[in-house]
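Please open the structure in the viewer and keep the selection panel at hand. The tour moves from the whole protein to individual residues, one stop at a time.

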Amino acid sequence: MKIGQKLLLTLVVVLLSTLLLGVCLAQEEKVNVWVVVHGGIADPFWKRVEKGVMDAAANHPDDLKVTYTGPSEYNFTEFIADIESAIASNPDVLVCTLTEPDAMDEVLRTAIADGLPVIAINAPDLREPPESRIPVLTYVGEDSYYIGVAAAEETLKRFTPKRALFVNHHPGARNIELRGQGFIDTLAKSGIPAEALDITADAVQGAEITLAYLTAHPDTEVIFSTNTLRTEAIITRLLDEGIDVGNTVKIASMDMSEKVLEYIQEGKIMFTLDQQQYLQGYLGVEFAYLHAKYGFAPPPPPVSTGPGVITAENVPQLLELSKQGYR
């Protein structure tokens, strides 16, 4: 073998050894991911997100550490404090909800400028123009405005209400407001009056506020509620008042719980829209891991997880999955 060929072979061997060593070192490093949601994390909805997060973490037991946190119940001040704590812990990737982008912009934009990759789940930054949005790697979740459009369209397939109501359980959360806007705008095209009602973050108080609205507007024939706890509380309160839920007042819902599925079977809820929040937690963490570990760029936003329309025909197959915490 000629000297030049030997030198070339030696260089190739050294290069391959270096690359293999780099791969081994990369595989040995533990990826640290924080997931912060606006919660509350005890809510059945967020338990599904948490299960997705933890199932993704379990895929990589040797080289992935995941911390999942958020307020025990919705509290934006506490949520921002949790975001700041997560950033201070210096994670490899932050996965979080962009619940109020205006209020979150400075803290997240500063962290991103300092090199922290951020992935958004569940609640996106939909401000206009797009250039004004927080520069996250991607967003995994539902299209908030289209959720409202879908709810209105599904309602109109079933009947034409005289008046409709959207109940907002997270005033100030842009993604929730956009659900209501999509619902109201779509019904308006058919000449149906509809409005959004602030029912606060308290489920019991929200049910009372909803009942008071129906008393003042007895021609309201459909309510669109986008949170299972609030939907359940509203139906319970209306039934206690003697209102024929499912006939006099029809309910369009979002997300699912065992009780919501039961109400669908009983005809008290027309349908519920499934944003498949398990996937939001699962994919958010998987994308974070793959980006931090191997430099993979996640798919561009939005990575849509819904909505799917759930009616009485779907309930039997979903009940067991709901009990297991997936749906």
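The protein has an accessible surface of about 14,700 Å², an area obtained by the Shrake-Rupley method with a 1.4 Å probe, where for residues only the protein chains shown count as cover. Carbon and sulfur atoms hold 55% of that surface. The model is a predicted one, in which local features need pLDDT of at least 70 and side-chain atom pairs count only at pLDDT 80 or more, while totals for chains, interfaces and linings use all residues. Residues are numbered from 1 along each chain as its sequence is written, and side-chain values use heavy atoms, with hydrogens and water left out.

With the whole protein in view, the C-alpha trace spans about 95 × 40 × 35 Å along its principal axes. A cartoon display shows eleven helices and twelve strands; these are DSSP runs numbered from the N terminus, with helices being H or I of at least four residues and strands E of at least two. Of the 327 residues, 50% count as buried, where buried means under 20% relative accessible area, exposed over 50%, and partly exposed in between (1.4 Å probe, protein chains only). Among contacts (heavy atoms within 4.5 Å) with a separation of 6 or more, 73% join residues 24 or more positions apart.

Next, select helix α10, residues 277-294, where L290 is found. L290 counts as partly exposed because its relative accessibility is 30%. Add Y294 and F296 to the selection: together with L290 they make a nonpolar surface patch of about 280 Å². Such patches consist of residues with over 30% relative accessible area and no salt bridge (a side-chain nitrogen of Lys or Arg within 4 Å of a carboxyl oxygen of Asp or Glu); like charges are joined within 9 Å, and nonpolar side chains (Val, Leu, Ile, Met, Phe, Trp, Tyr) within 5 Å.

Remain on helix α10 and select Q280. Is Q280 buried or exposed? Q280 counts as buried because its relative accessibility is 0%. Its side chain meets that of N122 in a polar contact of 3.1 Å, that is, a pair of N or O atoms within 3.5 Å, of which, within protein, one must be able to donate a hydrogen and the other to accept it; residues adjacent in sequence count only if both atoms are side-chain atoms. Beyond four places in sequence, the residues in contact with Q280 include I121, V140 and T305.

Finally, select L229 in helix α8, residues 228-240. L229 is partly exposed, at a relative accessible area of 32%. Residues up to four places away aside, L229 touches D43, P44 and A203. A C-alpha to C-alpha distance drawn from L229 to M256 reads 9.5 Å, across 27 residues in sequence.
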